[in-house]
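Here are some exercises to work through with the model open beside you. Try each task before you read its solution.

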Amino acid sequence: MLSDSQLVARCREGDSEAWNELVERFSRYVYAIATQAFRLPQHDAEDVFQEVFARVYQHLGRLRSDDAIRPWIAQLTRRLCIDTLRGSGREGPADTDTFEPADVDESLATLDEALTVRSCLDAVGDTCKEILDRFFCRDESYRAIGEELGLPAGTIASRISRCLAKLKLELEGRSEAPAASGER
Amino acid sequence: MNGYDEERIAALLRLLPPAPVGWVRAAQELPAAQDEIGELVSRAEADAAFRAKVVADLEAALEAEGIEATPSVVAALRSRLDTAE
């Protein structure tokens, strides 16, 4: 898997596959910030979502460090959510506190941690990634997962448990190792 | 990321459900949208009156050019015009 900085570099070269991957990688993060941290309704969240990626595409060349893509996207999403809540365009008062939910910093930190966990899914193998994503993120039943992946439904619970253990090991390994390029 | 258990990991995974497929696809198609709106942006940069008209109603300006004013295209146009300021 490409690091964030490698992905940004390829996007800058006009690689459309890299752009698709960048959107895929950060789409859940942006969506969660808008709908969970800022509790925007779907219609407003969609506008923020599209605006974030439009600006990312437009300004990738200005990013000082390719490693900074993740905090940049978080900050951009936060700012656009505030603009939306402000409701009167992008030239409102400097005081953002009025428009932010009281627990927004805590929510953003938790979502950042969630993205770190998600970034480790690639290291636990395709089947584990698929099972964990379907069960926890897509809220699919054992039966639906079993049918989709061609696995006996009765084995899904134990597979989830094993996959979580693998993911935990991977996370522990990363937290002990020095940060790799493009990762936080 | 220290001091977490499998329950915590599961809770964190649940926090990131997929964004709607259509939103993701629209954002992925942004490069094509940029090409589509390029001429509109060029004219806006060269003609202040036209620019004011576009800025006043982005959706109408796109529709007048025969470009579907989806949220991603509108966002792309707004971003391009902001950059050109």
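## Exercise 1: The fold of chain A

Task: Work out the order of secondary structure elements along chain A, and how the chain is divided.

Solution. Read from start to end, chain A runs α-α-α-α-α-α-α-α. That pattern matches the element count of 8 helices and 0 strands in chain A. Please keep in mind that this is a predicted model.

Next, look at the division of the chain. Domain 1 of chain A covers 1-102, and domain 2 covers 120-177. Taken over C-alpha atoms, the centres of these two domains of chain A are 28 Å apart.

Finally, consider burial and contacts. Of the 184 residues in chain A, 34% are buried. Among the contacts in chain A between residues at least 6 apart in sequence, 65% link residues at least 24 apart.

## Exercise 2: The largest nonpolar core

Task: Find which residues touch the most other members of the largest nonpolar core, and explain where this core lies relative to the two domains of chain A.

Solution. Begin with the membership: the core has 72 residues, and Ile33(A), Ala34(A), Phe49(A) and Leu132(A) touch the most other members. The biggest contribution comes from helix H2 (residues 16-37) of chain A, which gives 11 residues to this core. Now for the position: because domain 1 (1-102) and domain 2 (120-177) of chain A both supply residues, the core lies between them.

As a close-up, take Ala34(A). Leaving out residues up to four places away in sequence, Ala34(A) touches Leu40(A), Ala45(A), Val48(A), Phe49(A), Thr77(A) and Cys81(A). As general background, nonpolar side chains tend to be buried together in soluble globular proteins.

## Exercise 3: Two positive phi angles

Task: Arg39(A) has a positive phi although it is not a glycine, and so does Asp139(A). Locate each residue and decide whether it is buried, partly exposed or exposed.

Solution. Take Arg39(A) to begin with. Its phi is about 55°, and it sits in the loop between H2 and helix H3 (42-59) of chain A. A residue is buried at 20 or more other C-beta atoms within 10 Å and exposed at 12 or fewer. Arg39(A) has 14 other C-beta atoms within 10 Å, so it is partly exposed.

Now turn to Asp139(A). Here phi is about 60°, and the residue belongs to the loop between helix H6 (126-137) and helix H7 (142-149) of chain A. Asp139(A) has 10 C-beta neighbours inside 10 Å and therefore counts as exposed.

## Exercise 4: Where chains A and B meet

Task: Describe the contact between the two chains, then the crossing of H2(A) with H2(B).

Solution. Start with the whole contact, which takes 39 residues from chain A and 27 residues from chain B. On the side of chain B that touches chain A, the elements giving two or more residues are helix H1 (6-14), helix H2 (21-28), helix H3 (30-46) and helix H6 (71-84) of chain B. H6(B) gives the most to that side, with 7 residues. By type, the chain B side divides into 19 nonpolar, 5 polar and 3 charged residues.

Then zoom in on the helix pair. The axes of H2(A) and H2(B) come within 9 Å and cross at roughly 145°, and the crossing is right-handed. From H2(A), Trp19(A), Asn20(A), Val23(A), Glu24(A) and Ser27(A) meet Val24(B), Ala27(B) and Gln28(B) in H2(B). The residues of this helix contact divide into 4 nonpolar, 3 polar and 1 charged.

Conventions. Residues numbered from 1 in each chain as written. Chains lettered and ligands numbered in written order. Predicted model: local features only at pLDDT ≥ 70, side-chain atom pairs only at ≥ 80, totals over all residues. Contact = placed C-beta atoms within 7 Å. Helix = DSSP H or I, 4+ residues; strand = E, 2+ residues; numbered from the N terminus. Nonpolar A, V, L, I, M, F, W, Y, C, P; charged D, E, K, R; others polar. Domains from an automatic or database assignment. Core = buried A, V, L, I, M, F, W, Y, C linked by C-beta atoms within 7 Å. Axes fitted to C-alpha atoms, helices over the stretch in contact; angles between N-to-C directions. Left-handed = near helix turned anticlockwise from the far one by under 90°.
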